[in-house]
Amino acid sequence: MKPTDLNLFKQATKNIDIMARTSFNETISKTHPVYQPEKGRYWIYGGLGCPFTHRVLISRSIKGLNSVIGLTVAHWLMGPSGWRFIQSDQKLTDEPYRYDGGVTSTENDNSSSFKGFAEDIERVFIDGVNDPHYNTRSVKELYKKSDPEYAGGFSVPILWDLKTQTIVNNDSGEIIRMLNSGVFDELVENPVTKDQIDLAPEDLIPQLDEYNKWLQVNINTGVYKVNNATTQEAYEEQSNDLFNSFDEIETKLNKIYDDLKDKFGEDDKKSILSKFFLFNGQITDSDIRLYATMIRFDTAYYEHFNCNYKSIRHDYPFLHLWLQNLYWNYDAFKLTTNFEHIKLFYYKSFTKNKPKGFVALGPKLDMLPLD
């Protein structure tokens with residue numbers, strides 16, 4: 001794209017009232033005037049501790065797009081300018097195209113001790129990586145690089161275009177649907193097509209959209225409402241709302257499991273688990289949205305956010321089995337889950353109620369084995 005064309009595009013996408021933008025909501029398609037599919041052109045910036053980034057990384061992986069869209073992982077501790085990148089001269093080779101962007105995974109449940117994890121620790125490929133393209137220090141710099149007049153928050157994930165050096169989209173839900181659309185299928189040697197895995201089947205979209213809105217209000221942000229409560233009354237009210245919502249999900253999954261048991265037989269656990277998802281016996285973006293919160297619950301929200309009325313592993317057998325199934329049987333879920341980053345992000349970044357920033361030792365195992 002010529003610089004003049006890019007400037008015209010930027011001008012055209014400004015608010016008609018000449019107000020600075022507060023979000024980015026473009027899409028990628030063969031017919032888009034700017035953002036068209038190309039291998040290696042687009043990049044994800046995000047944090048492994050962030051549940052919204054996690055949604056996108058699962059979708060990127062489950063659709064087989066790791067080799068098409070790169071990934072840069074921010075440090076687990078947000079600084080004054082928000083998410084920050086490690087400053088290092090070490091260069092990534094093919095590492096950005098891994099599940100975890102080159103950051104060592106903690107899939108072996110070894111996040112029980114955090115001695116020596118000071119806020120200023122910067123171990124490249126462990127605590128995060130550098131920005132390989134612009135050597136920026138923070139996500140904020142990327143927002144301002146894309147649009148100097150940007151006036152919103154500096155959130156992740158970011159879907160970035162290396163060609164125009166602009167943000168395409170910063171809404172995780174929209175990015176998931178974009179990755180699922182098939183727009184990148186021709187760029188993958190062995191693509192995971194919509195015939196194989198469709199995270200949002202057309203006939204299910206109204207139902208998924210409705211359920212995703214319910215999840216966002218009651219579950220995904222529900223844990224934050226508990227943590228942000230300023231009175232005992234508000235805390236208990238938000239806690240009751242949260243766990244009542246958990247009860248609804250448990251009831252739904254119990255019914256699904258019973259139906260599958262009737263279909264396959266009680267002893268055929270493999271067949272049951274192969275269809276044990278929220279909708280139509282297949283993984284959808286609703287499973288991904290719920291997983292990103294549930295995988296953080298026992299390890300972070302339960303203790304640090306005072307969401308300790310019940311735990312997933314001890315009080316919700318069907319929700320726990322659903323979570324174990326996704327984690328242990330699908331690499332797209334397991335290998336994008338970094339318990340070390342999750343715990344450090346929450347315990348070190350959310351210190352209003354617990355300012356010393358101590359990281360809880362438990363649970364003894366981040367994820368219990370699937371029998």
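By class, six nonpolar, two polar and three charged residues make up the lining of the largest cavity. The model in which this cavity was found is a predicted one. The residues concerned are Met 294, Ile 295, Asp 298, Thr 299, Ile 312, Arg 313, His 320, Leu 323, Phe 339, Asp 366 and Met 367. Three elements give two or more residues each to this lining: helix H10 (297-304), helix H11 (312-315) and helix H12 (317-329). The space inside the largest cavity comes to about 60 Å³.

A search of the whole structure returns two cavities of 30 Å³ or more. The second largest holds about 30 Å³ of space. Its lining consists of Pro 51, Phe 52, Arg 55, Asn 220, Arg 289, Ala 292 and Thr 293. Here helix H2 (51-62) and helix H9 (285-294) each supply at least two residues. Divided by class, the lining of the second largest cavity has three nonpolar, two polar and two charged residues.

The pockets are treated separately from the cavities. The largest pocket has a volume of about 340 Å³. Its lining is formed by 20 residues, and those nearest the pocket centre are Phe 52, Ser 155, Val 156, Pro 157 and Ser 172. Two or more lining residues come from each of H2 and helix H4 (172-180). By class, the lining of the largest pocket divides into 11 nonpolar, five polar and four charged residues.

Phe 52 links two of these sites: this residue is in the lining of the second largest cavity, and Phe 52 is also among the residues nearest the centre of the largest pocket. Helix H2 likewise supplies at least two residues to the second largest cavity and gives two or more to the largest pocket.

Conventions
Residues numbered from 1 in each chain as written. Predicted model: local features only at pLDDT ≥ 70, side-chain atom pairs only at ≥ 80, totals over all residues. Heavy atoms only, no water. 1 Å grid on protein atoms, 1.4 Å probe; cavity = no way out; pocket = protein on both sides within 12 Å on 5 of 7 lines; lining within 4 Å. Points joined across faces, edges and corners; volume = space filled by probe spheres on them. Helix = DSSP H or I, 4+ residues; strand = E, 2+ residues; numbered from the N terminus. Nonpolar A, V, L, I, M, F, W, Y, C, P; charged D, E, K, R; others polar.
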